[in-house]
Amino acid sequence: MSIEFKIFKFVHKIKIMSNTIEKIKCLIIGSGPAGYTAAIYAARADLKPVMYTGMQMGGQLTTTTEVDNFPGYPQGVDGTSMMEDLKNQAERFGTEVRFGLVTQVEFSKEIGGIHKVTVDESHLIEANTVIIATGATATYLGLESEQRLKGGGVSACATCDGFFYRGQEVIVVGAGDTAAEEATYLANLCTKVTMLVRRDEMRASKAMQKRVFNTKNLVVKFNTEIDEILGDKVVEGVRVINNITKEKEVVPVTGVFIAIGHKPNTEIFKGQLTMDSVGYLITEGKTTKTNLPGVFAAGDVQDKDYRQAVTAAGTGCMAALDAERYLGSLE
Ligand code: NDP
């Protein structure tokens, strides 16, 4: 935790001590592109939004290096700087950004009801509207070498980082639709893509599998897993193991893309909000409305298909507009 966060948290605690139940018109949970965009729109609509950032201020983009696909940055931008820009923009219109973790929620089922939210297990908030933008977390294999080389050749997002590996050889781990999509995307940029599938068949849809098998520079290795990612500061190769024969070999690659699924950050909403079998929040039609009035969801927490900063920002905007309209309908 940086010194800035510590001061932030200390100031917040002082506020809590002097005011135990706080009333907020629009509470935003999460500080990725969805949360900050919701904050910009909500603040401009005079909803006086308060945002709780969560433990990873700025969200997933702060774990990537260069962001090259967000419109408006012709030279690309460092993920952390971009999130700082979004924060400054949200604050410019009056959003109060606070470092803290929402630990409990008790949503109202009534139209116009008050949503009770606890922050850091101690501070109680009563909110008229809540925008959930808590994102999703990429699943990793859990190898020490994988953690060490994150940002040095190991990535969980081909659309974010694939460009840096054009003309090179890479590995994709996983066998679902995401892995298939990432592998075919990378095959357009890289000289060779090796896809590691741990079983003797893929989970991806038949259509996606067809695309994989029809891509010339894409090789699928079945029953194969990563034994170790090689390299000190950057990826220099991957030692793979056939889990049937136990044979090992080194594949000389510079990039490793892990595509074994994401976990939406929705644990605290279980039992209150409708979600799919994986935990993604379900929203109504083209809106950001959850099953409860006054509670909206934006960004990766409700989107398993696109998961891009720009699509998250778009739904953040929609959530703020939906919240504004909801409050307007109560008057
Ligand atoms: P999935 O859960 O569908 O697939 C995860 C894959 O990772 C599985 O093949 C699984 O293997 C593999 N895996 C898990 N753990 C490991 C491990 N430790 N080592 C090696 N492999 C591992 O996740 P996706 O992200 O692919 O997809 C999530 C959802 O999003 C799905 O419903 C999918 O259909 C949807 N989606 C749709 C898209 C589209 O329609 N364009 C695009 C992307 C996603 P195993 O099969 O052996 O369990």
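## Two domains and how they meet

The domain assignment splits this protein into domain 1 (3-137 + 262-330) and domain 2 (140-258). Keep in mind as you look around that this is a predicted model. Below is a quick tour of the overall build, the place where the domains touch, and the salt bridges.

**Overall build**

- If you count up the secondary structure, you get eight helices and 19 strands.
- The protein's radius of gyration comes out at 22 Å, close to the 20 Å that the globule rule gives for 331 residues, so the protein is as compact as a globular protein of that length.
- Laid along its principal axes, the C-alpha trace spans about 65 × 40 × 35 Å.

**Where the domains touch**

- Between the C-alpha centres of domain 1 and domain 2 there is a gap of 33 Å.
- Eight residues from domain 1 and eight residues from domain 2 take part in the contact.
- Together, the two domains bury about 590 Å² between them, and carbon and sulfur atoms give 40% of that area.
- Which three residues of domain 1 supply more of its buried area against domain 2 than any other three? They're Asp68, Arg307 and Gln308, and they supply 40% of the area on that side.
- Look at the side of domain 1 that touches domain 2, and you'll find five polar residues, three charged ones and no nonpolar ones.
- Three residue pairs are in polar contact between domain 1 and domain 2.
- As for salt bridges across this interface, the rule finds zero.

**Salt bridges**

- Side chains of opposite charge can pair when their charged atoms come close.
- Search the whole structure and 13 salt bridges turn up.
- One of them joins the side chains of arginine 98 and glutamate 22, at 2.6 Å from N to O.
- Arginine 98 sits in strand S5 (residues 96-98) and glutamate 22 in strand S1 (residues 21-29), so this pair ties together parts that are 76 residues apart in sequence.

Notes:
Residues are numbered from 1 along each chain as its sequence is written. This is a predicted model: local features need pLDDT of at least 70, side-chain atom pairs count only at pLDDT 80 or more; totals for chains, interfaces and linings use all residues. Side-chain values use heavy atoms; hydrogens and water are left out. Domain bounds come from an automatic or database domain assignment. Contact means heavy atoms within 4.5 Å. Buried area is the accessible area (1.4 Å probe) that two parts lose on being put together, summed over both. A salt bridge is a side-chain nitrogen of Lys or Arg within 4 Å of a carboxyl oxygen of Asp or Glu. A polar contact is a pair of N or O atoms within 3.5 Å; within protein, one must be able to donate a hydrogen and the other to accept it, and residues adjacent in sequence count only if both atoms are side-chain atoms. Ala, Val, Leu, Ile, Met, Phe, Trp, Tyr, Cys and Pro count as nonpolar, Asp, Glu, Lys and Arg as charged, and the others, Gly among them, as polar. Helices (H or I, at least four residues) and strands (E, at least two) are DSSP runs, numbered from the N terminus. The radius of gyration is taken over C-alpha atoms; the globule rule is 2.2 Å times the number of residues to the power 0.38.
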